[in-house]
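The following exercises concern internal space, one helix and the charged pairs of a protein model. Each task is followed by a solution in steps.

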Amino acid sequence: MDNTRLFLFIALSFVSLMLWDAWQRDYHTPETVAAEPGAAAQPTDTPQIDIDAPSAPPPGATPDVPTPQRPLTFEPLTTATGDVVTVHTDVLELNINLLGGGISRASLTQYPVELDEPDNHFALLDNIPGRLFIHQGGLKGTGDAPDHRARYVAEAEHYELSPGQDEITVTLRWAAGEALDVLKRYTLRRGSYLVDVDYVVTNNGTEIWNGRGYEQLQREKPESKRGLIYTFTGAALSTPEKRYQKYDYDDLEDTPLNVDVEGGWVGVLEHYFVSALLPTPANSSHFYSLILDDTRYAVGFWGPPMSLSPGDSGAFHSSVYIGPKLHEVLRDIAPGLELTVDFGVLWFIAKPLFVALDFIHKLTGNWGIAIIIITLSLKLLFYPLSAAGYRSMAKMRKVQPRMMAMKERYGGDRTRMNQAMMELYKEEKINPLGGCLPILIQIPVFISLYWVLLESVEMRQAPFGLWIHDLSAKDPLYILPLIMGVSMWIQQKLNPAPMDPVQQKVMQVLPFAFTIFFMFFPSGLVLYWVVNNILSIAQQWHITRSIESAEKS
């Protein structure tokens, strides 16, 4: 099997992968996330239109916590001067809205939107039309308590991490109720995308206060993306039983989250970035989801119930991660959070590839050079298999005139033709399938590297050199795809030509077709394939020359 047919296998593999992925998104129903045995189900008659908070306490709440009598309707969060507290660290810029005390905007200072605009930071959370993605939280219980529409007051309007300072704490206060005093604190640390959220509740009344805290992420439904390159945007839930499961908008509508778990986390994913809510691992939390309307949904959790006697104080603690999908960072924050770096069904190949690439990058400081080195390493690793395939093709090329003569001799008698070819293979010691194994190995490696380049935020806007400023984006000048097309054409000349005239014409068109095909791929992937082709050409030329020299001598 000649090397050119590898591209046909790759095309078929990609088409099959995309069809399977589309089928999964359209028809697959995830496992139902049910409450623990014996727990009461969420009310099914509670209207969910225009409700952006859980409308009733979750299963297991204390009986004394009443259901709120009025729905909480969605209103655009105000951004008037004095209503927003700004917080700056070395990696995060947050806007905390005093109406509700939630995070209405979070910009990542290390990740610009575009390379040529370094000061225009990517906003993972935001509150603008078409990009609603906000953090909310609050308390619910007996009597008045601050939900995510309550108004807080702050000690200052601006907080900034000073040089030499390791962390800052932003304190908000709610004291609108006669019996309850609540402090809400955000703690941010240098170099960290993890934000601690704490409520300190003091019961100044004369009655026992029963309640619990909740945190949630509200997001606008993303636009449908059905192009060649698809990346998941939606919710994810992790529990000790199921470490990582994804849910898109339709999944949440069909099977809402409704489960009591000790540990775990819930979040919202998009390409390269994740926001995740992390309750205290030792506590039992209730994870839920809400479909607010045709464009918005929310995922969140309730904390454990709390009961405070008059004069007592208590605390609710959780954390929220707002940042990039950095594998090493996420792995240390919560079990299963690193799985948001989704390398697809071939993760067992992709993950070692990424580890190797990351190691080489730390030595060289350039992801493009790391790709070249890993390509060379893979070529050396599979050299014996590739050499066997190229020897088989070289022998096939040698006997091709005899095969053409057989075709003319036997005409349309395919049975006799096949018998004669098998005898020829046996005589010349040719394995007609000798080139298949290297191809079968290269296809999963190619697809795995595709997902590594597509999913690794480390390669987002990573430069290589010259005109390649972003290895995760397509080549802006299409030079690499053109080089790839030329290398593919050269490989065709080294391989034995198909005897079927139709196949010959198809093979002649393939370099042009795949040049266009690769124009839309990440330039890092095209770089891998160009280097792989050049090394294959050199290896095949060397083996062919060696066989020809051995025959002449």
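Helices (H or I, at least four residues) and strands (E, at least two) are DSSP runs, numbered from the N terminus. The model is a predicted one, in which local features need pLDDT of at least 70 and side-chain atom pairs count only at pLDDT 80 or more, whereas totals for chains, interfaces and linings use all residues. Residues are numbered from 1 along each chain as its sequence is written, and side-chain values use heavy atoms, with hydrogens and water left out.

**Exercise 1. Determine which element gives the most residues to the lining of the largest cavity.**

Step 1. On a 1 Å grid over the protein atoms alone, a cavity is a set of points where a 1.4 Å probe fits but cannot get out, and lining residues have an atom within 4 Å of a point. A volume is the space filled by probe spheres set on the points, which are joined across faces, edges and corners.

Step 2. The count is 3 cavities of 30 Å³ or more, and the largest holds about 120 Å³ of space.

Step 3. Its lining consists of 12 residues, with L378, K379, F382, Q442 and N532 nearest the centre. Two or more lining residues come from each of α5 (367–381), α6 (383–410), α8 (436–455) and α11 (523–552).

Step 4. The element sought is α8, which gives 4 residues, the most to this lining.

Step 5. By class, the lining has 7 nonpolar, 4 polar and 1 charged residues. Here Ala, Val, Leu, Ile, Met, Phe, Trp, Tyr, Cys and Pro count as nonpolar, Asp, Glu, Lys and Arg as charged, and the others, Gly among them, as polar.

**Exercise 2. Compare the span of helix α9 with its expected value, and locate its buried residues.**

Step 1. The expected span is 1.5 Å times one less than the number of residues. For the 16 residues of α9 (479–494) this gives 22 Å, and the end C-alpha atoms lie 23 Å apart, which agrees.

Step 2. Buried means under 20% relative accessible area, exposed over 50%, and partly exposed in between (1.4 Å probe, protein chains only). In α9 the buried residues are L480, P481, M484, G485, S487, M488, Q491 and Q492.

Step 3. Viewed down the axis of α9, these buried residues fall within an arc of 165°, so they line one face of the helix. The arc is that of the directions from the helix axis to the C-beta atoms.

**Exercise 3. Describe the salt bridges D83 to R151, K246 to D342 and E455 to K325.**

Step 1. A salt bridge is a side-chain nitrogen of Lys or Arg within 4 Å of a carboxyl oxygen of Asp or Glu; the count is 14.

Step 2. D83 and R151 meet at 3.1 Å, N to O. D83 lies in the loop between α1 (5–27) and β1 (84–88) and R151 in the loop between β5 (131–141) and β6 (153–154), so the pair ties together parts 68 residues apart in sequence. D83 is buried at 15%, whereas R151 is partly exposed at 43%.

Step 3. K246 and D342 meet at 2.8 Å, N to O. K246 belongs to strand β13 (245–247) and D342 to the loop between α3 (327–333) and α4 (347–364), so parts 96 residues apart in sequence are tied together. K246 is partly exposed at 30%, and D342 is partly exposed at 22%.

Step 4. In the pair of E455 and K325, the closest N and O atoms are 3.9 Å apart. This pair links helix α8 with the loop between β20 (313–324) and α3, 130 residues apart. E455 is buried at 5%, and K325 is buried at 4%.

Note on methods. 1 Å grid on protein atoms, 1.4 Å probe; cavity = no way out; pocket = protein on both sides within 12 Å on 5 of 7 lines; lining within 4 Å.
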